[in-house]
Amino acid sequence: MGRDEGAAREAEAAAMGGCGSGGHRFLDRSKVRILLCDNDPKSSQEELHLLAKCSYQVTSVRSARQLIDVLRAQAADIDIILAEVDLPVAKGFKMLKYITRDKDLRRIPIIMMSSQDEVSVVVKCLRLGAADYLVKPLRTNELLNLWTHMWRRRRTLGLSEKEVFNHDFELALSDPSDANTNSTTLLSDDTDDKLKGNSNPETGASNHREYESNAAGVEPGCVSRTQQTADAAVGGDWACKRLNSSCSFCCLA
């Protein structure tokens, strides 16, 4: 694992650990803007209340068409999309596919939600590009960590990170030993010679240990309780039909 990747994972873990009562020392969720789409008025109000309680900025719409219209006008200001699957379902899938295939909008992670927890629906959403799938009723701890989807997506695409961390967080992550570490010395030939000199001449066993790094390129983060089930089902009998790729704004009208 490279130094930059290791620091990135440490930053995410530390910030996520700060969620809750002490999280505001490090993280400012009011800088994260969420576009909420739910066609059920009561459900939408409940979600607005929970998101506001988490300090997010929220723009709320009631249909896939309205969501696309907001993205057309304000895409640069939207960080995350939280959308109901049943808009009805066919339009929810078309909206999801359109956004994830648009080169200017794919930077915005989409979290789909529904009262349905059928594995086939979950898998289809994930295959179409959803960053996560949440089952209603939503829980506060799930919403507290929505910002991590934005953070990881920006890093994956090589985009500049949004300033959501305060100065105290940067100080907490800093390692005083980094400034005093001479990487050239650590990797010098002299070091190798010293290690060889520590070998036991009778047994030929070296006194230093070799460590293997985990080369798996899987990003850390919060995985919803439904996504774990979905991942297990992908290799099973569930088969999700691909939607017609010629999707446009008109199909959401």
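Trainee: Which residue follows helix H5, and what is its phi?
Mentor: This is a predicted model, in which local features need pLDDT of at least 70 and side-chain atom pairs count only at pLDDT 80 or more, while totals for chains, interfaces and linings use all residues. Residues are numbered from 1 along each chain as its sequence is written, and side-chain values use heavy atoms, with hydrogens and water left out. Helices (H or I, at least four residues) and strands (E, at least two) are DSSP runs, numbered from the N terminus. After H5 comes Gly129, with a positive phi near 115 degrees.

Trainee: Which residues of H5 are buried?
Mentor: H5 spans residues 119-127. Buried means under 20% relative accessible area, exposed over 50%, and partly exposed in between (1.4 Å probe, protein chains only). The buried residues of H5 are Val119, Val121, Val122, Val123, Lys124 and Cys125.

Trainee: How many residues of H7 are buried?
Mentor: H7 covers residues 147-156. Its buried residues include Trp147, Met150 and Arg154. The helix is mostly covered, the buried count being 8 of 10.

Trainee: Is Ala76 buried or exposed?
Mentor: Ala76 lies in the loop between helix H3 (64-74) and strand S3 (80-84). Because its relative accessible area is 68%, Ala76 is classed as exposed.

Trainee: Are H3 and H4 roughly parallel or roughly antiparallel?
Mentor: Axes are lines fitted to C-alpha atoms, for helices over the stretch in contact, with angles from 0 to 180 degrees between N-to-C directions. The axes of H3 and H4 (residues 89-101) come within 10 Å and cross at roughly 20 degrees. Angles under 35 degrees count as roughly parallel, over 145 as roughly antiparallel, 65 to 115 as roughly perpendicular and the rest as oblique. H3 and H4 are therefore roughly parallel.

Trainee: How do the residues of the contact of H3 with H4 divide into nonpolar, polar and charged?
Mentor: Contact means heavy atoms within 4.5 Å, and here Ala64, Leu67, Ile68 and Leu71 of H3 meet Lys91, Met95, Tyr98 and Ile99 of H4. Ala, Val, Leu, Ile, Met, Phe, Trp, Tyr, Cys and Pro count as nonpolar, Asp, Glu, Lys and Arg as charged, and the others, Gly among them, as polar. The division is 7 nonpolar, no polar and 1 charged.

Trainee: Which residue in S2 stands opposite Leu35?
Mentor: Leu35 shares one side of S1 with Arg33 and Cys37, while Ile34 and Leu36 lie on the other, and both faces are covered. Strands pair if DSSP finds at least two bridges between them; 5 bridges join S1 to the parallel strand S2 (residues 57-61). Opposite Leu35 stands Thr59.
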